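User: I would like to go through some of the labels attached to this model and see what each one rests on. Please set the values against the cut-offs.

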Amino acid sequence: MNNFIRLIQNENMKIYVRVRTWIMLSILALLSIGVPILLSLENNATKQSVWDSFMMSTSFVFFLNTIFAVVIAAESVAGEFSWGTIKLLLIRPWSRSKILASKYIATLLFSILSTVLLAALSFFTSLLIYSTDTIPSMVPPGIGAGKYVFLSLVCSYVDLFITVAIAFMLSTVFRSGGLSIGLSLFIMFTKGIFTMIFNPEKYTWANYLLFNHMDLSRYLVTNQGPGGATIGFSISILAVYYLILMAVTWVVFKKRDVAA
């Protein structure tokens, strides 16, 4: 167990030793502070709610957060092949499963850190600028503002979580960081289009497509999604796809020939 923890620490060092990582975190921090300030310049801060500012800020910055997490995930495995360090890594006294698991855990830890960073900075900046007594306009009536905002953030992270799993799988299968990033970003930008084209209301089989269930925030205001789906059904679909992505990742990595 201690060896595995050290392996995770080693993978974290690979992430945070790079200047690129700190640039990405700095951009997230600056935007998380700057967006609430910019919003206050556009609107009268005394008439805005802390929660409205927080939700608008995080929804804007979270998109960039997902892109940065995809970059880390895409480079996690593919980078070892690009740098030619994969052979040195595999001759160590660790199984391939442990090596891959440590890389994936390190990637998830980065995504959690970046999410907590942007959420904390956005909230405290909004708290300093905006009124806590104003009724939030972006929160549906009958739902506690804090609870709704927290659940919205969790739903956003679920979307990021699945997108990172896709990027990590592509990184392992194609061994190309650029291709993994490109395909992952393509999925991010086009999943809304696919959702409109393959609408479960029109096609029953579309209810089993991954993209139609990645946005769980709809269930915060309604009990049913497109095609009559429930939150339990959507989570089940996401879980099945996630297991498939992880299974493909592990099988390909364990069978990958790195002798050449």
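User: How do you know that the span of helix H6 is close to the one expected at 1.5 Å a residue?

Analyst: The model is a predicted one. In it, H6 covers residues 145–174, which is 30 residues. From the first C-alpha to the last, H6 reaches 43 Å, against an expected 44 Å. Arg175 follows H6 and has a positive phi, near 60 degrees.

User: What makes up the largest nonpolar core, and which residues have the most contacts inside it?

Analyst: This core has 65 residues, and Tyr104, Phe110, Ile162 and Ile166 have the most contacts inside it. Helices that each supply at least two of its residues include H1 (2–16), H3 (50–83), H5 (96–129) and H8 (231–255). H6 gives the largest share, 15 residues.

User: Which residues is Tyr104 in contact with, leaving aside its neighbours within four places in sequence?

Analyst: The contacts of Tyr104 are Phe161, Ala165, Phe168, Tyr242 and Met246. Each has heavy atoms within 4.5 Å of Tyr104.

User: Why is the pair of Trp51 and Phe123 called tilted?

Analyst: The model has 12 aromatic pairs. For Trp51 and Phe123, the ring centres are 5.6 Å apart, which is within the 6.5 Å limit, so the rings pair. Their planes stand at 35 degrees, neither under 30 nor over 60, so the pair is tilted. Trp51 is in helix H3 and Phe123 in helix H5, so the pair ties together parts 72 residues apart in sequence. Ring pairs also link Trp51 and Phe123 with Phe54 and Phe124 into a cluster.

User: Why do Trp51 and Phe123 count as partly exposed?

Analyst: Trp51 has a relative accessibility of 25%, and the partly exposed class lies between 20% and 50%, so Trp51 belongs there. Phe123 has 24%, so the label is partly exposed for Phe123 too.

User: What makes Tyr157 and Phe161 a tilted pair?

Analyst: Their ring centres are 6.4 Å apart, which is within 6.5 Å, so they pair. The planes are at 40 degrees, between 30 and 60, so this pair is tilted. Both residues lie in helix H6, four residues apart, or about one turn of the helix. In general, an α-helix has 3.6 residues a turn, so residues three or four places apart point the same way.

User: Is Tyr157 buried or exposed, and what class does Phe161 fall in?

Analyst: Tyr157 has 18% relative accessibility, which is under 20%, so Tyr157 counts as buried. Phe161 has 22%, between 20% and 50%, so Phe161 is partly exposed.

Definitions and conventions:
Residues numbered from 1 in each chain as written. Predicted model: local features only at pLDDT ≥ 70, side-chain atom pairs only at ≥ 80, totals over all residues. Heavy atoms only, no water. Expected span 1.5 Å × (residues − 1). Core = buried A, V, L, I, M, F, W, Y, C linked by side-chain atoms within 4.5 Å. Buried < 20%, exposed > 50% of the residue type's maximum accessible area, 1.4 Å probe, protein only. Phe/Tyr/Trp six-rings, centres within 6.5 Å; stacked < 30°, edge-to-face > 60°.
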